[in-house]
Amino acid sequence: MLKLVNLTVKYGNFEALHRVNLEVDHGEIVVLLGANGAGKSTTFQTISGLNKPVSGHIMLNGQSIAGKSPDKIVKMGIVQCAEDRKLFQQMTVQENLMLGGYVHRGKKSRLRATLQEVFELFPILYEKRSNPAGSLSGGQQQMLAIGRALMAKPEFMLLDEPSIGLAPLIVEQMFKSIQQINQEGTTILLAEQNANAALSIADKGYVYESGKVVVQGSAEELLANEEVRKAYVGA
Amino acid sequence: MDIFIQQLFNGLTIGSVYSLVALGLTLVYGILHIPNFAHGALYMLGGYVTLTMMVYLGVNYWISILISIITIGILSVLMDRLVFHPLRKSTPIQHKVAAIGMLLFLEALAQLIWGADYRQMPTPYGQVIQFADVTLTVQRLIIVVAAIAVMILLYLFLKKTFMGASILAMAQNREGASLVGINTNKVAVITFFIAGTLAAIGASLTSPINLVFPGMGHLVILKAFVIIIIGGMGSIPGAILGGYILGFSESIGATYISSDYKDIIAFVLLIVILSIKPQGIFAKGGV
């Protein structure tokens, strides 16, 4: 279980997160909703260890992980798939994926098996395996970013706006893949602006506004919530 | 024609050394994102350590080189940990100032320890081989063979091992590297170590045919900058190819134009190539 307790993060004097509380249980898909700059990405960056919190705790299975270095957090089973994907542009698709399994580099046969699983989930990556990552389309790059994160066999996967800038058809496909990844046992924390699609696959959600969690509840509750509908679903 | 072939071989010799130095510079560029001006000082110290081992302690040439490689590798890592790492959150201009500061410091240190004299490094491989009409010394042959062997080893390391891949990954996307679980501090240490060893190998190989003196790194590092700019900042094939392009241009230019203008060729080449291809030859290539 991943739990944020009163997490506060600052950039200089600007308070990007203010006492955020959040809980993700095993097997769930939890969605973070909110406008740009509301604090979703900061939450992810802080869980991943790229930012240090000013106060508060991040607990993974009862153990505090706040302030640990990013590579240690990946080893503990939390992998982030960042909003701007952060791929290795000049490396091939396969090289990117293999580096995704960096924490398991001692177990070559296991890595090869995971690579096959990723190729089965995203067959287009197999077709493009020898192409440089930078040559792929936006949707393919997003699949590669998710695939790379999967290579680490994470317990928790943080997905930061995987649908951003993608065509509607690809978005639909992306959400199906996310659901499939979840069904195969990975707990998912998903930041999205596409509230409808995200809530349709999620168990519960948190709504961010200027660094605070303002509404939380099950996916049904949020979809029924008048304010959430107005602000994020567009209905 | 004989002169031409002779000069091609000379170009190969000089180019091999340039490529080694430029490779180290380009690898460190991937970590720091600024050219490390102090790399020339590492090259110079590499020459001095080998010279000292051979001349003052009577150690065998190859063992001297090995000691030099390890010493300069460690020095390079110390440079990162003591100077660049603490500056990691500051602006690039501060890195540059720090790098120049280190260059001046290390040069003054070399002058203090070894004096300002030009020194000749002896070589056990002074024999001359006559091959058709081309004359070459065994030392020059060793430079070419050793440099190419080192480059092949480096290429295999970067392409075939996870540790090598993590160096390239960090150069291409630092945060991306963190997010797949790469310890970026460890990668920085390894990269600086390799860069130091490449500088020491280059200097130790070439010192017997050149001279060892505190300012010996100046021209070499300036030319290595030209090479990595020509080849594309951070590009590994670019550094190798650029090194040889410069080596050939220099030796052929020295013969057919004037050897007095040998050192200006690098900079003329820089202006010409950047006018045609401002991003450098391999700007987007990577490995």
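The following exercises, each with a worked solution, concern a predicted model with chains A and B.

**Exercise 1.** Determine whether chain A is as compact as a globular protein of its length, and describe its make-up.

*Solution.* Begin with the secondary structure, which in chain A amounts to ten helices and ten strands. Next, compare the radius of gyration, 17 Å, with the 18 Å that the globule rule gives for 235 residues; the two are close, so chain A is as compact as a globular protein of that length. The C-alpha trace of chain A spans about 45 × 40 × 30 Å along its principal axes. Then turn to burial and contacts: 52% of the 235 residues in chain A are buried, and, among contacts in chain A with a separation of 6 or more, 66% are made by residues 24 or more positions apart.

**Exercise 2.** Find which residues touch the most other members of the largest nonpolar core, and which helix gives the most to this core.

*Solution.* The largest nonpolar core holds 136 residues, and within it Leu99(A) and Leu190(A) touch the most other members. The helix that gives the most to this core is helix 8 of chain B (residues 184–206), with twelve residues. Apart from this core lies another, of 24 residues, among them Leu7(A), Leu22(A), Val30(A) and Leu158(A). To see the surroundings of Leu190(A), leave out residues up to four places away in sequence; its contacts then include Val30(A), Val31(A), Leu32(A), Phe44(A) and Leu159(A), and also Pro162(A), Phe175(A), Ile178(A), Ala198(A) and Ile201(A).

**Exercise 3.** Classify Gln179(A) as buried, partly exposed or exposed, and place it in its setting.

*Solution.* Gln179(A) belongs to helix 7 of chain A, which covers residues 168–183. Its relative accessible area is 29%; since buried means under 20% and exposed means over 50%, Gln179(A) is partly exposed. Not counting residues up to four places away in sequence, Gln179(A) touches Ile29(A) and Ile201(A). Val103(A), 76 residues from Gln179(A) in sequence, is 24 Å away in space, C-alpha to C-alpha.

**Exercise 4.** Compare the span of helix 3 of chain B with the expected value, and state what covers its buried residues.

*Solution.* Helix 3 of chain B (residues 61–84) has 24 residues and reaches 33 Å from its first C-alpha to its last, which is close to the 34 Å expected at 1.5 Å a residue. At its start, a side-chain oxygen of Asn60(B) comes to within 2.7 Å of the backbone nitrogen of Trp62(B). Its buried residues include Ile65(B), Ile69(B), Ile72(B), Ser76(B), Asp80(B) and Phe84(B). Such spacing can be read against helix geometry: an α-helix has 3.6 residues a turn, so residues three or four places apart point the same way. The buried residues of helix 3 of chain B are covered by elements including helices 1, 2, 4, 5 and 8 of chain B.

**Exercise 5.** Establish how many residues of helix 9 of chain B are buried, and what they pack against.

*Solution.* Helix 9 of chain B, residues 217–231, reaches 20 Å from its first C-alpha to its last, close to the 21 Å expected. Eleven of its 15 residues are buried, leaving the helix mostly covered; among them are Val220(B), Lys223(B), Phe225(B) and Ile228(B). These buried residues pack against helix 1, helix 2, helix 10 and helix 11 of chain B. Just after helix 9 of chain B, Gly232(B) takes a positive phi of about 100 degrees.

Key: Residues numbered from 1 in each chain as written. Chains lettered and ligands numbered in written order. Predicted model: local features only at pLDDT ≥ 70, side-chain atom pairs only at ≥ 80, totals over all residues. Heavy atoms only, no water. Helix = DSSP H or I, 4+ residues; strand = E, 2+ residues; numbered from the N terminus. Expected span 1.5 Å × (residues − 1). Buried < 20%, exposed > 50% of the residue type's maximum accessible area, 1.4 Å probe, protein only. Contact = heavy atoms within 4.5 Å. Core = buried A, V, L, I, M, F, W, Y, C linked by side-chain atoms within 4.5 Å. Polar contact = N/O pair within 3.5 Å; in protein donor to acceptor, adjacent residues only side chain to side chain. Rg over C-alpha atoms; globule rule 2.2 N^0.38 Å.
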